[in-house]
Protein chains: 4
Amino acid sequence: MFIVMNPRSTTEQVNHIVRLLDEMGVDNCVIERAGRKGVEVLGANGRVDCTALGKAPMVDRVLERAEPILAAGRQPGDRTAELPLGTNASIGGPRLGIIAGPCSVESKSRLLEIAAAVKDAGAVSLRGGTFKSRTSPYSFQGHGERGLEWLALAREETGLAVVTEVMRCEQVDLVARYADVLQVGSRNMHNTHLLAAVGGQSKPVLLKRGWGASLEEFLLAAEYVMLEGNSNVILCERGIRTHETYVRNTLALAVVPQIKRISTLPVVVDPSHGTGVRDLVAPMSNAAIACGADGLLIEVHHAPNEAWSDGAQSLDLEQFRSLMDRLKPFAKAAKREL
Amino acid sequence: MFIVMNPRSTTEQVNHIVRLLDEMGVDNCVIERAGRKGVEVLGANGRVDCTALGKAPMVDRVLERAEPILAAGRQPGDRTAELPLGTNASIGGPRLGIIAGPCSVESKSRLLEIAAAVKDAGAVSLRGGTFKSRTSPYSFQGHGERGLEWLALAREETGLAVVTEVMRCEQVDLVARYADVLQVGSRNMHNTHLLAAVGGQSKPVLLKRGWGASLEEFLLAAEYVMLEGNSNVILCERGIRTHETYVRNTLALAVVPQIKRISTLPVVVDPSHGTGVRDLVAPMSNAAIACGADGLLIEVHHAPNEAWSDGAQSLDLEQFRSLMDRLKPFAKAAKREL
Amino acid sequence: MFIVMNPRSTTEQVNHIVRLLDEMGVDNCVIERAGRKGVEVLGANGRVDCTALGKAPMVDRVLERAEPILAAGRQPGDRTAELPLGTNASIGGPRLGIIAGPCSVESKSRLLEIAAAVKDAGAVSLRGGTFKSRTSPYSFQGHGERGLEWLALAREETGLAVVTEVMRCEQVDLVARYADVLQVGSRNMHNTHLLAAVGGQSKPVLLKRGWGASLEEFLLAAEYVMLEGNSNVILCERGIRTHETYVRNTLALAVVPQIKRISTLPVVVDPSHGTGVRDLVAPMSNAAIACGADGLLIEVHHAPNEAWSDGAQSLDLEQFRSLMDRLKPFAKAAKREL
Amino acid sequence: MFIVMNPRSTTEQVNHIVRLLDEMGVDNCVIERAGRKGVEVLGANGRVDCTALGKAPMVDRVLERAEPILAAGRQPGDRTAELPLGTNASIGGPRLGIIAGPCSVESKSRLLEIAAAVKDAGAVSLRGGTFKSRTSPYSFQGHGERGLEWLALAREETGLAVVTEVMRCEQVDLVARYADVLQVGSRNMHNTHLLAAVGGQSKPVLLKRGWGASLEEFLLAAEYVMLEGNSNVILCERGIRTHETYVRNTLALAVVPQIKRISTLPVVVDPSHGTGVRDLVAPMSNAAIACGADGLLIEVHHAPNEAWSDGAQSLDLEQFRSLMDRLKPFAKAAKREL
């Protein structure tokens, strides 16, 4: 059970609730973060009825479970938040946010070639990993800061906003100096300290859903970021792990309209990881936009068969151009611009 | 291993292969169905290399595994098959096949009211179950033949093609007398005798994917139907069972473009069962069409809160009309008519 | 909502409930099977509170959902049912029921060799498929009645009870003439007509859980059998389909003690299909017995690498003998005999 | 593709391989960690055949994929590693390592009461979380260092080894000062920086499998730890997320014998998280030991209904004592001591 206090409640009013709970013999703990306040009732498990506390002064609500979506929640009349993608673009507004680029930043020249091409095809943002989260310690782990410099150079040349992954708290400042958007990968969705760290700086955060995470866990991960003061969170559906074998993951697109029902955060879809199959990326991009996604995250490489990672799901430059062309009527049908 | 014989191969030529295998000391069995012929190599498991048999007269191919998609397979240049939905409509061609109606046929008057409304909103076919496949033997099992009569009456009044489920071999003739399309439900996708029975008559078959079935198993179920001589199979994606809890099933839309790559069979999507949540049906309908579906199967009820089954995922008449309106631009974007 | 009537309730008393529901304006339907009676409330979905009906004469209980486990349910003090495995053995009592044999019955001589060996190692029952449920129509579908004759011969020679699969209603009489236990396979767990057909004869039924089925669906499938009058149902856990890839299925052993908590039906475990990996069969057999299973279903073949199906998960004769030896102390620890 | 160099290979020999790859026009990168050396071939994807490099001097093996289990791998004749659990016990040897205690460390007095009881019942180690990884930022996050002091006090009083979770790199030193074993939780299994941090100190690490992680990913997470020089890794199976709903997770016990086949690391099973249901903990403990687990991790609380977290799956003190009693014959059957 969780007692949501009004943000303007005084310490005395919070203490009053604590005293009432103590008198009832119920363990409890005060939570206060970024101006949000509440009291968690511990270990009661239905033994004690605390609903009467809902009438105490400055108590907003009494929730059955301690898992409220407060910061990211949608109230009637709320609109999806429009968040900046660098200085030239945004996500969550009328224009779709198309983010494209290689899985790994491999070299300066390759990155610049890809960046120029995706910009030319209509992307507003460049993706590329230079701190790589790899399953195996024996796999290439990324070029590190050198890759960040190349990404910044690509932004300078093309005007594309830079989206790149940050993997550890200590890297947050460094990555935030170069990137326009900090990506938290699927493997780190439950890394609450990293979530807090990216929440403690001001650049927007692109948060990928863990492949084994529930929707509630996904939104609560966003709360971890937002409670540190950074409300610029972009959610990314990238497929979940199921019994299907013809795809790398099962792209659970229904999460897009469901998030729109309960949260104001913008949502992008990653059909590259979400399928793992190059030929499925374009049709699933159309589908993502048709069910309400605010943007796409797409892996593009000038020579996918030679890509250092994720080649099988990367589009070549011409395929990406074609995807953008075919996407146009669907963007229009969804009343969005491309 | 499976040796695909040319359909024009003679018995002597097939026996020649059998003799060669016998000499190699390998168990085998001849398969012949609806003009398709082959020899399955049994128990070799890589012990014996049969690839040389590929050069024998009238051998088309030697496959590593005994699971070829022969009847439903797509060759380069093939188009999706256009199959009749009753006498006034079709599926797989330019016009989308929208099939709508109640989960259960509850009464004559309710069915006629729903049928008139979905027809008016643009549906070309009426769905409704009168032999119900229920998890519990204590649940309502359907009105049986009486329901079929009401469905036929609804067709007479509206011109809508009738799609209804058949659950057992003995019912196939009866259902085929009334219905335009015979539905095989998810729970029966692996019921090979029912598949053969609907394959032995000429009405089109709408085959729903089992919620635990792989794509390969889904297509092989279609092969079971087609090998009996009925090639009019419509595939239906209706969601798979995963760890997600905010939906009844996870709608695995990537299966739509994947089927288009490997099979000529038309595909419809059932976003009602595929989500189990009324508010998600419209956006997922848009997504289904955007990634290439040939039609939709949607549960509609005049009073969903009073529906005998699946009320939580049924649209009311106005919601269905609105869905059809909002679907139009996506149909156009997909170069389809509605 | 489902109103469970006392089995001794009169038609008038049932009609009384129906009248009360009619007056409340609630659709309903009477269910009566094998002496069990109830009234399903249709389409109310919480609109109407029927709990007061619990006080009407001869109403046993009012259930929130129409999915009671009535026939298979366990009441306090109930013991697991002990069901016959042929004339010489049983399952559910002190002695474990070990059922072993080939996936497919391949030939008379091979079957007799395997039967003699598993008997010698301590099995009490012989498994072997002669009507095979195969994913592909191009795979060997079994020897049919000829295989049944061989199975009966093996019983004559060894005294082992015969367990074999039945796939369609029309085969039930034939298979029941030869077999001691009729197996319903995973693919047919939802085939309610087959469930009813095996429920309409008296031989025990071994019901395998569908790989995508919930526990509730599994038990309700048993209800379908039992409501026809045959209460001799043996449940079989054989693994579910998950994201794991090093096994063919994930053996969900917790289902064993959970079934023991809520049902009186005996449970066997199939570690062969449940893992798909020969080397995992013995340790998972130990685990199955340790958590309360009443028996095992194990694939054994004299030459697994030449088996016509499931070779990779079949034990050879020596491996089975060794499994039985190593199982003994675990059987004893579980206070069971082997 | 990954070229495993002999640990004694010289820099010149590694450079020789790099030169050969450069000449073949193939991107590559040298990996060297904790004395293990290799060259990853990047982006070749079967374009280039590097198997001939297997004959170059000091090349041990050429692997198709860059995901070798080197540090944790089992060679023929290897035995499971026996790792210390504090000063009085070990895991992986003849005696089973039973680790028990509360989910959260709630207060000093409660912890000491529980510790005394689990010690008395036969546990060799005490678990208890004081840095808690919680789904919701609004949930109690643990007592922090104060809880560590209480855990150390409990060890002093009982002699039990302390197992407690570490959630971030900065905490590693602190936690290592107090704990005997550092636990990395499911949510952090993919947090490669935390893995490296616990690998950089010398206390044993208990690594829990991510609920969505494959077995290969699980073992590669152990490699991340071991490559930093700490080879004392205990693996813990705690259930995976599937479609099952009567349990919190599906306990995938087959992973235990499979790990034994391919790795020398000891394995414990957590039946508390692995089922989420108190009554299933004891039977699944028996099963875990029966299939080869080296120990158990069990949640115990003096008053489970008042536990601050995970009450539904916690045993009370008497239930734990009873579990230990009933486990004894299974330990003996598995030729282990308790």
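How many bridges join E2(B) to strand E3 (residues 36-42) of chain B, and do the two run parallel or antiparallel? Seven bridges link them, and the two strands run antiparallel; strands here, like helices, are DSSP runs numbered from the N terminus, with at least two residues for a strand (E) and at least four for a helix (H or I). This is a predicted model, in which local features need pLDDT of at least 70 and side-chain atom pairs count only at pLDDT 80 or more, while totals for chains, interfaces and linings use all residues. Residues are numbered from 1 along each chain as its sequence is written, chains are lettered from A and ligands numbered from 1 in the order in which they are written, and side-chain values use heavy atoms, with hydrogens and water left out.

In chain B, E2 and E3 belong to an open sheet of four strands in the order E2-E3-E1-E4, with antiparallel pairing, where two strands pair if DSSP finds at least two bridges between them. Strand E2 (27-33) and strand E4 (59-63) of chain B are the edge strands, since each pairs on one side only. Within this sheet, B:Asn28 has B:Val41 of E3(B) as its bridge partner. Helix H1 (residues 11-23) of chain B packs on the sheet and touches strand E1 (2-5), E2, E3 and E4 of chain B, its direction making about 5° with that of E3(B); contact means heavy atoms within 4.5 Å, and angles run from 0 to 180 degrees between the N-to-C directions of axes, which are lines fitted to C-alpha atoms, for helices over the stretch in contact.

Turning to chain A, a closed barrel of eight strands runs E7-E8-E9-E10-E11-E12-E13-E14, with parallel pairing. Strand E7 (residues 97-101) of chain A is joined to strand E8 (residues 125-127) of chain A by two bridges, and A:Ile99 has A:Ser125 in E8(A) as its bridge partner. Helix H6 (residues 215-226) of chain A packs on this sheet, touching strand E11 (205-208) and strand E12 (233-237) of chain A.

Chain A also meets chain D, in a contact that takes 53 residues from each of the two chains. Together they bury about 4,400 Å², 52% of it on carbon and sulfur atoms; buried area is the accessible area (1.4 Å probe) that two parts lose on being put together, summed over both. Between chain D and chain A there are four salt bridges, each a side-chain nitrogen of Lys or Arg within 4 Å of a carboxyl oxygen of Asp or Glu. In a salt bridge, the side chains of A:Arg110 and D:Asp27 meet at 3.0 Å, N to O.
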